[in-house]
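Me: Got a minute to go through this one with me? I'd like to start with the contacts.

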Amino acid sequence: MKITDESKVFYHSVYALIGKIPYGKVTSYGHIAYLLNRPQNSRLVGSSLKHLKFIAESLNREANPEDIIEPESVPWWRVISSAGKISPRGNSDNESRQARFLREEGVEVSNAYRIDLEKYGWFPDEVDF
DNA sequence: AAGGTGACCGGGA
DNA sequence: ATCCCGGCCACCT
């Protein structure tokens, strides 16, 4: 997979923004895209998480020290679908792992991988960087 | 270079 | 509630 210069900025801001989701809260792929003024790019938000390790490595290679991204520190598990469910993404092991991470921080996850957004959702209109 | 894919989303049946 | 479909757009073949 290749990464264009244009998208590097986007990827970096996706990771930075996800890092702002409070402990014990969740938000959606679409809302991340919305906050970055690219409401049509929710799919790309998912993609940036799918390739988190690879992309972070690539970004870090040319990044200033303060812009280094530790893949481990990006709370990807706090991002779910706008429907309030954990995305299956093919492998049910992924779902259960994400559910475990969320439960560890106090988020209730139903056995159908559903989450109550009223209770745990984080959907600010804007976020300062 | 044209067509396929997808950690998405909203609306309609 | 759930499934389906069309729209979306950067990336990948």
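**Contacts with the DNA, then the helices**

Reply: Sure. Bear in mind that this is a predicted model. To start, a polar side-chain atom of Tyr 29 sits 3.0 Å from a base nitrogen of DNA strand B.

Me: OK, and which residues come nearest to DNA strand B?

Reply: There are 13 residues around DNA strand B, and Gly 30, Arg 43, Lys 50, Ser 82 and Ser 87 come nearest. Of the strand B atoms that come within 4 Å of the protein, 46% belong to sugar and phosphate.

Me: What lies close to a phosphate oxygen of strand B?

Reply: Gly 30 has a backbone N or O atom 2.5 Å from a phosphate oxygen of DNA strand B. With Ser 87 it's the side chain: one of its N or O atoms is 2.8 Å from a phosphate oxygen of DNA strand B.

Me: Which helix gives the most to that surface?

Reply: α3, with 5 residues. Both α2 (29-35) and α3 (42-50) supply at least two residues each. By class, the surface near DNA strand B has 7 polar, 3 nonpolar and 3 charged residues.

Me: Now the other strand. What share of the strand C atoms within 4 Å of the protein is sugar and phosphate?

Reply: For DNA strand C, 74% of those atoms are sugar and phosphate. The residues surrounding strand C include Met 1, Thr 4, Arg 38, Gln 40 and Asn 41.

Me: And which residues have polar atoms by a phosphate oxygen of strand C?

Reply: Among them, Ser 7 has a side-chain N or O atom 2.3 Å from a phosphate oxygen of DNA strand C. For Lys 2, a polar backbone atom is 2.6 Å from a phosphate oxygen of that strand, and for Arg 114 a side-chain N or O atom is 3.0 Å from one. As for helices, α1 and α3 each supply at least two residues of the surface near DNA strand C.

Me: Changing topic: how do α1 and α3 cross?

Reply: The axes of α1 (residues 5-18) and α3 come within 10 Å and cross at roughly 80°, which means α1 is roughly perpendicular to α3. On the α1 side, the contact is made by Phe 10, Tyr 11, Val 14, Tyr 15 and Ile 18, and on the α3 side by Leu 44, Val 45, Ser 48 and Leu 49.

Me: Nonpolar or charged, that contact?

Reply: Its residues divide into 8 nonpolar, 1 polar and no charged.

Me: Last one: how many salt bridges are there?

Reply: The structure holds 4. In one of them, the side chains of Asp 5 and Lys 8 meet at 3.5 Å, N to O. Asp 5 and Lys 8 both lie in α1, 3 residues apart, which is about one turn of the helix.

Technical notes: Residues are numbered from 1 along each chain as its sequence is written. Chains are lettered from A and ligands numbered from 1 in the order in which they are written. This is a predicted model: local features need pLDDT of at least 70, side-chain atom pairs count only at pLDDT 80 or more; totals for chains, interfaces and linings use all residues. Side-chain values use heavy atoms; hydrogens and water are left out. A residue is near a molecule or strand if one of its heavy atoms lies within 4 Å of it. A polar contact is a pair of N or O atoms within 3.5 Å; within protein, one must be able to donate a hydrogen and the other to accept it, and residues adjacent in sequence count only if both atoms are side-chain atoms. Helices (H or I, at least four residues) and strands (E, at least two) are DSSP runs, numbered from the N terminus. Ala, Val, Leu, Ile, Met, Phe, Trp, Tyr, Cys and Pro count as nonpolar, Asp, Glu, Lys and Arg as charged, and the others, Gly among them, as polar. Axes are lines fitted to C-alpha atoms, for helices over the stretch in contact, and angles run from 0 to 180 degrees between N-to-C directions. Angles under 35 degrees count as roughly parallel, over 145 as roughly antiparallel, 65 to 115 as roughly perpendicular and the rest as oblique. Contact means heavy atoms within 4.5 Å.
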